[in-house]
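Visitor: Got a minute to walk me through a model? I'd like to poke at a few local details.

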Amino acid sequence: MEGKPRSVVLPVRGMHCASCVAKVESAVGGMEGVRSVSVDLPSRTVAISYLPVPGKFGLRELRRAIERAGYDVLGESESRVQAEQLSLLAQQREQSVLITRLQWSLLFALPLFAADWIDLSPYTELLLALPLQVWGGWHFHEGLVRSLRRRSADMNTLVSLSTWAAFLLSAYVTILPETLPPAARHPQWDAVAGLVTMVTFGRWLEAKTRGKTNEAVAKLMRIAPKTVRVLRAGGAETVPIAEVEVGETIQVRPGEQIGLDGTVLVGQSTVDESLLTGESLPVEKSPGSRVWGGAINKTGSLDVQVTKPGSESALARIVEAVRVSQATKPRIQRFVDRVAGWFVPGVILAAVTCALLWSSYGPEPRVVFALTTMVSVLAVACTCALGLATPLAIVAGVGRAAEMGVFIRNADVLESVSRLDVVLFDKTGTLTEGRPRVVETVVLAGSRDEMLSYAFAAEQRSEHPFAAAVASYAKSLGVAAAKVDSFEAFPGRGVLVTSGGRTVRVGSLSWLKENGTPVPHEHAARFMEFPGSVLGVVLDGRFLGAFVLSDTLRPSAKSAVAALKAMGLQVYLVSGDRNAASYRIAEEVGIKTVFAEVLPEEKLGTVARLKSEGKRVAMVGEGFNDAPALSEADIGISLASGTDIATEAADITLINPDLETLALAIRLSQKIRKVIWENLVLSFAYNLLLIPVAAGALYPAFGILLKPQYAGAAMAFSSVSVALNSLRLRRKKI
């Protein structure tokens, strides 16, 4: 009997290159019960989704499969954060070991490089080379033994074979020179020294550089708050964030971090949200304002009612979204991993073939020449660069996006964002602040307070910004809400409630008309002239009147639209609001194409129609009624200030309310994709060009032969160059 689906993240030691990724995914992915497996090379973790079968298949079998493939499982966790922390500790220990081996290797290698100058005897060179080869290169040889056990090959296999070939040849020349012709009596201790030290240095530098690409998430984890001060019956007490429940009130003093997401109940202050949004200017907060966990309270004291548990706070969701995005693979990387699985065996075959050919047709001494080319081919080939080309760019780019207040759901989003044609904007809460206010009340029947009381009753349970405006207006006038017996929301249309046996509808004029209550004919023309949004109120089929609402345009809306247009994108407005209100906002921001008075399903239809025309579409929204269109679009983009369902439906979420961040996010996504392709071209070009050179392809015509030590240096440089190219994404300027 199968158990419930489970997900686990395993930190794994020993993975260094793309062929390692391919082997682990092949070893685990082929097991019955495994639904998906994804190896993240930069963090050296393996995420697995599987269906356990009690007593037959479970976590133990998964660990054994990875260990049979030749790698060590360091632990297990359902949390990617914990798994990566274990992996990070292992990587830090590995870096420490690498730098120690490198320092001692240099101590033995430097005399070998200068052997001719200081006139070292052959046996002294052998004594210096022995600890260098065995102890200095032990991490490579250990990898070779593992690969032999699992009957496969990886990066360590190539390096270890090349160093042992050079070492054994040199040792033979030193101990039994009389068995070789005079021309062949030249040991290659400098090749041994160069290979061990240069490849070790390259691996250490690659690890250091790789660590820098993940600084954004590491920074978030380091400074995330751990405790909060909760106001309870006994007074204020400091407790871990995990113990605070939604609805409790936390107290935040000046200079302290806000521990959890919530709404300000008491106090006024300025808050630094730069950790979350990238915006350096403090933001004013007062009762009713929304605050984020992780932000810094600057001047005043705040009492905040918690609205999200710690595991669902904005900071926690940013960290998790960044980690998930970094762990996923775009289609191109999955192809590269498949290629890498065949790469190392292919290189070994090429090296052996090269040695056989030169031993038969090469110049004298043929054996030495043949072994030199074989060692160079093994040393120069690099799958590390192939394996790191995509994930390092994603880690650096997605981390940079997080610093800007943008989090990207997965790596495949980058492919779609970079090819967008059209950006559709919702109006209310997206191009506008989403804080409309009632600017006029039109009463056609009954009294203003009666209309407002029923409207307040209808809207107090709605999440729409218009509802908040009506509720705020009623409270300011001291009008109480009528009793609500039942409530039903019609997204994009309005709400229906029953109160004391009476039926109340509050919503758009078109929706009220559909339900048999149009604006009275004698007032229709007047309603059409209102420049703002209009919310009608109907009681038992009688049109009581309407509220005219006005919303403030976001300061960055106009410049954001201009920036998107400058990138060659078509920008449209799609809104459920009236024509007059929609066209007014569109004119202010510079949008020419407007779809107004559309229902949520019609928004979805608009997106589908544009996609059917071959266009790649992004939808930007924040409301409940935007969720279908966000899901249908090639890229759904939500504002974090919006509803949870909109955020869940989105591929990209903007924590920063500055809409110019959207243009920056698209530009950054395009740049990430560009860097990925640069890294891949660099990696493939490196191997395609230097492997033939190492094999001696240029020797017959130009007399050029790549020495093994230079081949090792080139291999080290290839991985480091990919890492450094990826680090360009960490720059502040995009």
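**A few local details**

Guide: Sure, and keep in mind that this is a predicted model. Let's start with a loop: Asp540 sits between strand 20 (533–539) and strand 21 (542–550).

Visitor: What is phi of Asp540, roughly?

Guide: Most residues other than glycine have a negative phi. Asp540 is a residue other than glycine, yet its phi is positive. The value is near 50 degrees.

Visitor: Is Asp540 buried, partly exposed or exposed?

Guide: The relative accessible area of Asp540 is 43%. Buried would need under 20% and exposed over 50%. That value lies in between, so Asp540 is partly exposed.

Visitor: And Asp119, where is that?

Guide: Asp119 is another loop residue, and it has a positive phi of about 55 degrees although it is not a glycine. Its relative accessible area is 66%, so it counts as exposed. The loop in question runs between helix 4 (115–118) and helix 5 (122–136).

Visitor: Switching to sheets: which strands stand at the edges of the sheet 10-9-12?

Guide: Three strands form this open sheet, in the order 10-9-12, with antiparallel pairing. Two of them have a single partner strand each, so one side of each is left without a neighbour in the sheet. Those edge strands are strand 10 (283–285) and strand 12 (296–297).

Visitor: Which residue in strand 10 stands opposite Thr270?

Guide: Strands in a sheet pair through backbone hydrogen bonds. Here strand 9 (residues 269–272) pairs with strand 10 in the antiparallel sense, over three bridges. Opposite Thr270, in strand 10, stands Glu284.

Visitor: Which residues does Ser289 touch, leaving out those up to four places away in sequence?

Guide: Ser289 lies in the loop between strand 10 and strand 11 (290–291). With a relative accessible area of 17%, which is under the 20% cut-off, Ser289 is buried. Its contacts include Glu284, the residue that stands opposite Thr270. The full set is Gly262, Thr263, Val264 and Glu284.

Visitor: Last one, about the surface: what is the area of the nonpolar patch with Tyr172?

Guide: Tyr172 belongs to helix 7 (residues 155–175). At 37% relative accessibility it is partly exposed, and patch residues need over 30%, so Tyr172 clears that cut-off. The patch is made by Tyr123, Tyr172, Ile175 and Leu176, and its area is about 380 Å².

How values were computed
Residues numbered from 1 in each chain as written. Predicted model: local features only at pLDDT ≥ 70, side-chain atom pairs only at ≥ 80, totals over all residues. Heavy atoms only, no water. Pairing = 2+ DSSP bridges. Helix = DSSP H or I, 4+ residues; strand = E, 2+ residues; numbered from the N terminus. Patch = residues over 30% accessible without salt bridge, like charges linked within 9 Å, V, L, I, M, F, W, Y side chains within 5 Å. Areas by Shrake-Rupley, 256 points an atom, 1.4 Å probe, with all protein chains shown as cover. Salt bridge = Lys/Arg side-chain N within 4 Å of Asp/Glu carboxyl O. Buried < 20%, exposed > 50% of the residue type's maximum accessible area, 1.4 Å probe, protein only. Contact = heavy atoms within 4.5 Å.
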